[in-house]
Number of protein chains: 2
Amino acid sequence: MASPSTSTTPPPTKYAVVLFPGFQALDVFGPLDILNTLSRTHPLSLSLLAATMDPVSTNTSDASAFSEAILPTHTFATAPSDIEVLLVPGGSGTRDAANIAPAVQFVADVFPQLQYLVTVCTGSALVAKTGVLNGRRATTNKKAWTWATSQGPAVHWVAKARWVTDGKIWSSSGVAAGIDVTYAFVAAMYGDDMAQELADGVEYVRNTDASNDPFAERWGVVQPQPQPE
Amino acid sequence: MASPSTSTTPPPTKYAVVLFPGFQALDVFGPLDILNTLSRTHPLSLSLLAATMDPVSTNTSDASAFSEAILPTHTFATAPSDIEVLLVPGGSGTRDAANIAPAVQFVADVFPQLQYLVTVCTGSALVAKTGVLNGRRATTNKKAWTWATSQGPAVHWVAKARWVTDGKIWSSSGVAAGIDVTYAFVAAMYGDDMAQELADGVEYVRNTDASNDPFAERWGVVQPQPQPE
């Protein structure tokens with residue numbers, strides 16, 4: 001990838017996030033907190049997309065006593081046609097195929113037009129269901145590794161990785177790794193100085209090494225055998 | 001503080017968060033992501049409190065193209081009467097005294113009944129306006145140090161601290177420090193094993209040392225002279 005100082009392509013400005021009931025809060029707000037601040041110095045737009053315009057809860061059960069609900073700005077059907085960067089979070093809601101079916105369909109439909117697709121946690125599993133990760137390298141949540149990787153048997157899953165880039169797809173490991181992949185993305189698009197300034201501002205110690213992943217070992221995840229091409 | 005293994009006081013179960021326009025997303029969702037998962041094994045309740053029941057945006061200007069809005073569950077006037085732990089975030093909205101006036105009044109009113117008050121970032125400045133931090137040790141955002149500490153001239157502000165505990169008040173440094181203070185709080189209340197299990201599950205490398213604060217130096221914040229008692 002070209003560094004921002006040598007690239008002539010302007011960095012992306014049109015962001016969107018896929019929401020579904022049971023999304024993991026930090027998968028969404030770790031990355032968005034960074035982009036919220038970035039948008040103060042760089043004109044950016046954000047669309048929050050869901051199956052309907054109803055508030056979307058961090059729990060799949062509305063009856064839960066402990067959850068938060070955020071408001072979509074568009075449905076998948078009314079999403080802007082010019083999204084450049086799509087963020088796909090994970091969360092417990094990904095375990096229910098019917099629950100995420102509208103999100104899976106949207107990702108499948110929009111993928112060809114995207115400049116970048118960023119996945120966090122089991123958001124990689126959601127995206128894997130579309131087939132767009134087939135034959136590509138990607139990573140996902142280490143605690144949920146067995147289930148998540150089973151959603152994309154033709155994906156080259158990378159066990160020991162904080163995040164992985166392959167073409168226009170940036171996939172990250174579990175939850176908090178979404179923060180690191182977003183800083184890495186911002187560094188690549190807007191410059192490392194910008195990423196570091198943002199991280200210093202929110203007092204976050206970045207993990208800047210995509211292969212620095214202590215959680216593969218923690219969760220006993222080993223590299224699968226290379227798959228036949 | 002007694003460790004959970006020796007304490008006979010049951011840990012808190014009733015949480016609430018103060019919201020205002022222009023709250024910092026990670027100040028709220030860093031801590032809540034941890035508690036969301038904790039609530040799967042420990043029965044907890046959560047109230048999201050604001051001046052009105054309108055959605056609360058991360059921006060003070062509704063016209064912003066880049067923001068997120070979350071739904072309150074109660075107004076300050078209808079808040080549950082038995083809140084045990086109150087979380088107060090910071091954010092750009094704290095700079096506008098009128099914007100946070102309802103939140104400041106609520107904190108002043110509810111403080112005597114709380115078991116614990118947890119502040120993140122410039123949430124410490126908001127709380128300082130009530131006077132409840134007077135004569136106590138606390139910390140706040142290091143980049144916004146001069147302004148934030150000016151909101152509580154009678155507070156013993158601790159410059160080099162990821163977080164500070166004084167009595168029932170747990171105050172943390174900027175934004176991402178809210179994650180570390182929450183893990184420390186969970187460790188104190190529910191046991192360190194629980195806190196570590198939660199952190200491992202979301203692949204977060206905890207800062208477990210309250211005095212480990214690289215950002216005081218980064219932002220040139222020095223310890224003020226001791227104030228006359």
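**Exercises: aromatic contacts**

A:K168 sits over the face of A:F111, 4.4 Å from the ring centre (a charge counts as over a ring if NZ of Lys or CZ of Arg is within 6 Å of the ring centre and within 35 degrees of the ring normal). The model is predicted: local features need pLDDT of at least 70, side-chain atom pairs count only at pLDDT 80 or more, and totals for chains, interfaces and linings use all residues. Residues are numbered from 1 along each chain as its sequence is written, chains are lettered from A and ligands numbered from 1 in the order written, and side-chain values use heavy atoms, without hydrogens and water.

**Exercise 1.** Find which residue lies over the face of B:W219.

*Solution.* Take the ring centre of B:W219. B:R218 lies over this face, at 4.0 Å from the centre.

**Exercise 2.** Classify the aromatic pair A:W145 and A:W157 and place both residues.

*Solution.*
1. Recall the rule: rings of Phe, Tyr and Trp (its six-membered ring) pair if their centres lie within 6.5 Å; planes under 30 degrees apart are stacked, over 60 edge-to-face, the rest tilted.
2. A search of the whole structure finds 13 aromatic pairs over all chains.
3. In one of them, A:W145 and A:W157 are 6.3 Å apart, centre to centre, with 75° between the planes: edge-to-face.
4. A:W145 lies in helix α4 (residues 145–150) of chain A and A:W157 in strand β9 (residues 156–157) of chain A, so the pair ties together parts twelve residues apart in sequence. Helices (H or I, at least four residues) and strands (E, at least two) are DSSP runs, numbered from the N terminus.
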